[in-house]
Amino acid sequence: LQILTAGGTLNAASSSSNLSFSRQRFASEANSYLTASTSWRFAQGRTTGFYGLNWDIDAKYIYSQSLGAAYMAQCCGVRADFQVVNFLPSVGSPIPSDRRLNFAFVLAGLGTFSNFFGLFGGQP
């Protein structure tokens with residue numbers, strides 16, 4: 001058995017949460033990961049807030065966290081996301097972490113449009 005994953009979802013009237021645990025063993029070393037997310041809906045579902053987390057339990061290292069909000073009117077909406085991504089020192093990345101800020105516009109029938117040159121952000 002190389003990969004074992006278990007997860008669950010909890011839904012309530014105005015919120016939902018997801019949690020999954022994964023254990024991977026490809027060679028002599030095993031890795032455990034925890035992924036969690038939650039979202040809240042307000043104003044009859046037009047406003048949404050959300051949070052996400054990716055954690056390597058064995059390395060005691062949080063890979064990423066994200067936080068955001070969205071507002072949807074009848075046909076259109078806006079969305080903003082903020083994400084922090086951490087890089088393991090063993091990867092050899094020249095930066096230890098990356099912060100990202102993204103804004104998007106949602107147009108019904110056409111899709112989502114965000115900043116064209118990637119995420120706003122940079123070195124901490």
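The protein contains nine strands and zero helices. In this predicted model, the order of elements along the sequence reads β-β-β-β-β-β-β-β-β. The chain has 124 residues, of which 20% count as buried. Its accessible surface amounts to about 8,600 Å², and carbon and sulfur atoms account for 62% of that area. Of the contacts between residues at least 6 apart in sequence, 22% join residues at least 24 apart.

**Strand pairing around E7**

Strand E7 covers residues 97-107. Strand E6, residues 76-86, pairs with E7 in the antiparallel sense, and 11 bridges connect the two. Within this pairing, Ser97 of E7 stands opposite Asn86. E7 also runs antiparallel to strand E8, residues 111-114, to which four bridges join it. Here Val106 has Thr112 in E8 as its bridge partner.

**Salt bridges**

How many salt bridges does a search of the whole structure find? The search finds three, and they are listed below with their N to O distances.

| Acidic residue | Basic residue | N to O distance |
|---|---|---|
| Asp58 | Arg23 | 3.4 Å |
| Asp81 | Arg79 | 3.1 Å |
| Asp98 | Arg100 | 2.9 Å |

Asp58 and Arg23 form a salt bridge at 3.4 Å. This pair links distant parts of the chain, with the two positions 35 residues apart in sequence numbering: Asp58 lies in the loop between strand E4 (47-56) and strand E5 (61-72), while Arg23 belongs to strand E2 (residues 15-25). Asp58 has a relative accessibility of 39% and is therefore classed as partly exposed. Arg23, at 36%, is also partly exposed.

For the bridge between Arg79 and Asp81, the closest N and O atoms are 3.1 Å apart. Arg79 counts as partly exposed, because its relative accessibility is 35%.

Is Asp98, in the salt bridge with Arg100, buried or exposed? Asp98 is buried, because its relative accessible area is 15% and the buried class takes in values under 20%. Its partner Arg100 has a relative accessible area of 25% and so falls in the partly exposed class. The side chains of these two residues meet at 2.9 Å, N to O.

**A nonpolar surface patch**

Which residues make the nonpolar surface patch of about 590 Å²? The patch is made by Tyr71, Val78, Phe105, Leu107, Leu110 and Phe113. One of these residues, Leu107, is located in strand E7. Leu107 is partly exposed, with 33% of its area accessible in relative terms. Patch members need over 30% relative accessible area, so the 33% of Leu107 meets that cut-off.

**The surroundings of Ser64**

Ser64 sits in strand E5. Its relative accessibility is 10%, which means that Ser64 counts as buried. The side chain of Ser64 makes a polar contact of 2.9 Å with the side chain of Asn54. With neighbours within four places in sequence left aside, the residues in contact with Ser64 are Gly52, Leu53, Asn54, Gln83, Val84 and Val85. Asn54 thus appears both in this list of contacts and as the partner in the polar contact with Ser64.

Methods: Residues numbered from 1 in each chain as written. Predicted model: local features only at pLDDT ≥ 70, side-chain atom pairs only at ≥ 80, totals over all residues. Heavy atoms only, no water. Salt bridge = Lys/Arg side-chain N within 4 Å of Asp/Glu carboxyl O. Buried < 20%, exposed > 50% of the residue type's maximum accessible area, 1.4 Å probe, protein only. Patch = residues over 30% accessible without salt bridge, like charges linked within 9 Å, V, L, I, M, F, W, Y side chains within 5 Å. Areas by Shrake-Rupley, 256 points an atom, 1.4 Å probe, with all protein chains shown as cover. Pairing = 2+ DSSP bridges. Polar contact = N/O pair within 3.5 Å; in protein donor to acceptor, adjacent residues only side chain to side chain. Contact = heavy atoms within 4.5 Å.
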